[in-house]
Amino acid sequence: MIHGEVVKQERIKRGLSQEKLGEILGVTKVSVCGYETGARTPTLNTFIRLLDVLEITPDQLLGREVMAVAEEETAYEFPITGQERAMIQMARTNETFRLKMQKEFNKCQK
């Protein structure tokens, strides 16, 4: 199931009306409205066209959280789970937890 709010936000960000996006996708304005409200699910071909037109990843369109990681001037995006997100937040706010995680990480690197 696609995340309708993502479709709406990205469509608006690109200055597209529901009607114009529908024309580009080869569907009606009613279909686009349905995608945005969750009342309709696009076909696989339309899903792929949405990704291309809105310039987003499948994870973004499906409403999954995506974490961007910069490494030596190269950015990577990958989905993270709720548990991973909670661990990152804990590591940022709890010094004892962060030190234990760092110690375990160092063991794995050997």
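Start at the largest pocket of this predicted model. Eleven residues line the largest pocket, and Glu84, Met87, Ile88, Ala91 and Met101 are the ones nearest its centre. Select these five residues and centre the view on them. The space in the largest pocket comes to about 290 Å³.

Next, colour helices α6 (82-93) and α7 (95-109), the elements that each give two or more residues to the lining of the largest pocket. Which element gives the largest share of that lining? Helix α6 does, with five residues. By class, the lining of the largest pocket has seven nonpolar residues, one polar residue and three charged residues.

Now move to helix α1 (residues 4-13) and helix α3 (residues 29-37), and show both as ribbons. Their axes lie 5 Å apart, and the packing angle is about 125°. Angles that are neither under 35 degrees, nor over 145, nor 65 to 115 count as oblique, so α1 is oblique to α3. To see the contact, show the side chains on both helices: α1 supplies Gly4, Glu5, Val7, Lys8 and Arg11, while α3 supplies Val32, Tyr35 and Glu36. Of the residues in the contact of α1 with α3, three are nonpolar, one is polar and four are charged.

Keep α3 in view and add α2. At what angle do the axes of α2 and α3 cross? They cross at roughly 105° and come within 8 Å. Angles of 65 to 115 degrees count as roughly perpendicular, and α2 and α3 are therefore roughly perpendicular to each other. Select Gln18, Glu19, Leu21 and Gly22 in α2, then Lys29, Val32, Cys33 and Glu36 in α3, to see where the two helices meet. The contact of α2 with α3 has three nonpolar, two polar and three charged residues.

Finally, colour the chain by pLDDT. The mean over the chain is 85, and 86% of the residues reach 70 or more. Which elements have the lowest and the highest mean pLDDT? Strand β1 (residues 66-71) has the lowest, 59, and helix α2 (residues 18-25) the highest, 96. Predicted coordinates should not be read in detail where pLDDT is low.

Notes:
Residues are numbered from 1 along each chain as its sequence is written. This is a predicted model: local features need pLDDT of at least 70, side-chain atom pairs count only at pLDDT 80 or more; totals for chains, interfaces and linings use all residues. Side-chain values use heavy atoms; hydrogens and water are left out. Axes are lines fitted to C-alpha atoms, for helices over the stretch in contact, and angles run from 0 to 180 degrees between N-to-C directions. Helices (H or I, at least four residues) and strands (E, at least two) are DSSP runs, numbered from the N terminus. Contact means heavy atoms within 4.5 Å. Ala, Val, Leu, Ile, Met, Phe, Trp, Tyr, Cys and Pro count as nonpolar, Asp, Glu, Lys and Arg as charged, and the others, Gly among them, as polar. On a 1 Å grid over the protein atoms alone, a cavity is a set of points where a 1.4 Å probe fits but cannot get out, and a pocket is an open set with protein on both sides within 12 Å along at least five of seven lines; lining residues have an atom within 4 Å of a point. Grid points are joined across faces, edges and corners, and a volume is the space filled by probe spheres set on the points. pLDDT is the predictor's confidence in each residue, from 0 to 100.
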